[in-house]
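Please open the model in a viewer and keep the selection panel at hand. The tour below proceeds stop by stop, naming what to select and what is found there.

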Amino acid sequence: MTTERARISLSVAPAYTGSELLAVMSARLLKEGQTVFAGVGIPLLAAILAQKTHAPGLTILFEGGVIGPFVEAGKLPPSTNEQRCSRRANMLVSITEVLLLLQRGYVDVGFMGGAQIDRFGNLNSSFIGDAENPKIRLPGTGGGNDIASLADMIVAMKHEKRRFVEKVDFITSPGFIDGGDTRAQAGLPAGGMFRVVTDLGILGFEAESRAMTVVALHPGVSAADIKANTGFELPVPDDVEVTPAPTPTELAILRELDPEQLYTA
Amino acid sequence: MTPPSYLDLREKTRARDRSLRDKVMSLEDAAALVADGDSLAIGGCTASRTPFAMIWALIRAGKRDLEVSRSIVSTEGDLLYASGVSRHIITSWFSQGIVWGVSKVMRAYTESKRARFEEWSHMAMGLRYRAGAMGVPFMPMRSMLGSGVLDRAEGARTMECPFTGETLLLVPALNPEVAIIHVQRCDAYGNAQIDGLTFMDIDMAMAANKVILTTERIVSNEQIRRHPDQTKIGFFTVDAVVEVPFGSAPHECYGLYEPFYSHMDLYAQMTAKDPDAGARAYLDRFYHEPKNWADYLSRIGMAELLDAQRRGSGIYDD
């Protein structure tokens, strides 16, 4: 697939990759004392980064059945189901039990990556094109649907026009469905999209319409840049905040965590 | 997809020899317990405790049309499609692993409709096995609602809760004909201890009509009886025990060996350009040509095996 990314001109080349920016910006959204259900990739990395910076008491849950681990730097797991995920955990349970913690309400934040998202925060990781005759069969939901159905969500993903679409081809993991109160009407009274962190900015959702809006832009990104890379009308407030750039400390920790750039290339 | 009749389910259990008896056999004899067309549940998750030796034996035995289910499916799913052992896999996620990208073999088979990947949420898979383990036709749950996954999930139903009036999802029980599960150790009767992550294996063993255990090593019943609290799968659910060292290779077995990463890279390379030809070549080299399981491991390579073992045993270093 070709990327449709519109050109963004920066006066100075950034000293970090897009994935590193994603990990840093989303780590900052996690708070000390929270319980976060983290997917593999950037969420896993960002949760560990938060533990090593401002949130040492962050409890991480992995869908493999892990409660409260400290993953070792340089030994990131290839999914959230290998022994590397379980290092120094408080408790190991079955997959079903750890997912039921979401349903019971023990999870503050669900945190995952995304392949395609729409205006109302619905995520698609199942089919590109029509589900009956897909152009691409993607790997599917995993725990994504359960996490998105039952927790307040942070999603970390690359900001490209083909990924930010008016309507997803398929709802794998529900956001606010058709906006307004349609999520609750579908039988999902709890949880929902909180933030989408991209390499261009941080997005939120309007209280009533539940449509995506811009909360902050990353350094060097303009309102025109983020609009040009979004496949639907994205409002940018005039007084939109600009995020502080990743610090050398944050980047150093990330690079120590992922020296082989498994997730940060 | 309808749940099995409760009386049939009980009758199948009653008809099994559930006595405390020696069930040790070869991979080949265990493979003979699986019939073409059976529903088959696979223990472990993604690249963890995959019962690869048993899958290897099923592929070598030329089984056909198994309806396969697993929590999350990795490369074993590709190989089950490519060998013709299965054309229908029920799971929540299917690809080698996120670091290798979307499986080319899964894509080639599903996009051409030569095989089916039936998608349920992860918790739905877990509760389907749990309903099967509990002897009830369904479990209620609160996810999958409002999604395309629900629209396409055959057999899922919504209901208005008779107590609260809320909308709930009901997922049908999964009672596989056979479950294949790999463990670190068990006795000859099938009392199994599992170290680390248990995934959905305990419910799966209880739900199945037949259980084949492969184990890194067989221990004495006396050793099991010294720590009965460590027995995760009871002998009464188990029909066959096969001792297979490195039985999850090239995936991991908790505390013993990590995934064989270089070999998994090799698989990804072999299937990247031409998934059909690549999977066939891989099957020939690692499934059909080896004389036995030891020969399979030799083809993967001693250096890889030792590296995986060194990394795997490091979990207890802290």
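Helices (H or I, at least four residues) and strands (E, at least two) are DSSP runs, numbered from the N terminus. The model is predicted: local features need pLDDT of at least 70 and side-chain atom pairs pLDDT 80 or more, while totals for chains, interfaces and linings use all residues. Residues are numbered from 1 along each chain as its sequence is written, chains are lettered from A and ligands numbered from 1 in the order in which they are written, and side-chain values use heavy atoms, with hydrogens and water left out.

**Stop 1: two positive phi values in chain B**

Select F199(B), in the loop between strand 9 (192–193) and helix 8 of chain B. F199(B) is not a glycine, yet its phi is positive, about 55°. With a relative accessibility of 2%, F199(B) counts as buried (under 20% relative accessible area; exposed is over 50% and partly exposed in between, with a 1.4 Å probe and protein chains only).

Move next to M144(B), which sits in the loop between strand 5 and helix 7 of chain B. Phi is positive here too, near 70°, in a residue other than glycine. M144(B) is buried, its relative accessible area being 0%.

**Stop 2: an open sheet in chain B**

Select strands 5, 6 and 7 of chain B, which form an open sheet in the order 5-7-6 with antiparallel pairing. Two strands pair if DSSP finds at least two bridges between them. Strand 5 (138–141) and strand 6 (157–160) of chain B each have a single partner strand and stand at the edges, so one side of each lacks a neighbour in the sheet. From one strand to the next, the twist averages 35°; axes are lines fitted to C-alpha atoms, for helices over the stretch in contact, and angles run from 0 to 180 degrees between N-to-C directions.

How many bridges join strand 6 and strand 7 of chain B? Strand 6 and strand 7 (residues 167–172) of chain B pair over four bridges. To locate one of them, select E160(B) and its bridge partner in strand 7 of chain B, T167(B).

Now add helix 6 (residues 122–134) of chain B, which lies across strand 5 and strand 7 of chain B and runs at about 140° to strand 5 of chain B.

**Stop 3: salt bridges**

A salt bridge is a side-chain nitrogen of Lys or Arg within 4 Å of a carboxyl oxygen of Asp or Glu. By this rule the count over all chains is 32.

Select R142(B) and E166(B), which form a salt bridge with the closest N and O atoms 2.9 Å apart. R142(B) is in the loop between strand 5 and helix 7 (148–152) of chain B and E166(B) in the loop between strand 6 and strand 7 of chain B, so that distant parts of the chain, 24 residues apart, are linked. R142(B) is partly exposed at 29% relative accessibility, and E166(B) is partly exposed at 28%. A network of salt bridges that share partners can be shown by selecting R84(A), E258(B), D307(B), R310(B) and R311(B).

Is the pair R70(B) and E76(B) buried or exposed? R70(B) is buried at a relative accessible area of 0%, and E76(B) is buried at 1%. The closest N and O atoms of this salt bridge are 2.6 Å apart.

In chain A, select R119(A) and E166(A), a salt bridge whose closest N and O atoms are 3.0 Å apart. R119(A) lies in the loop between strand 6 (116–118) and strand 7 (123–124) of chain A and E166(A) in the loop between strand 11 (164–165) and helix 5 (182–185) of chain A, so the pair ties together parts 47 residues apart in sequence. R119(A) counts as buried at 17% relative accessibility, whereas E166(A) is partly exposed at 44%.

**Stop 4: helix 3 of chain A**

Select helix 3 (residues 95–104) of chain A, whose buried residues are I95(A), T96(A), V98(A), L99(A) and L102(A). The elements covering these residues include helix 4 (144–150) of chain A together with helix 6 and helix 8 of chain B (contact means heavy atoms within 4.5 Å). After helix 3 of chain A comes G105(A), with a positive phi near 100°.

**Stop 5: a cis peptide bond**

Finally, select A249(B) and P250(B): the peptide bond from the former to the latter is cis, with omega near 10°. P250(B) is placed in the loop between strand 12 (240–243) and helix 10 (261–272) of chain B.
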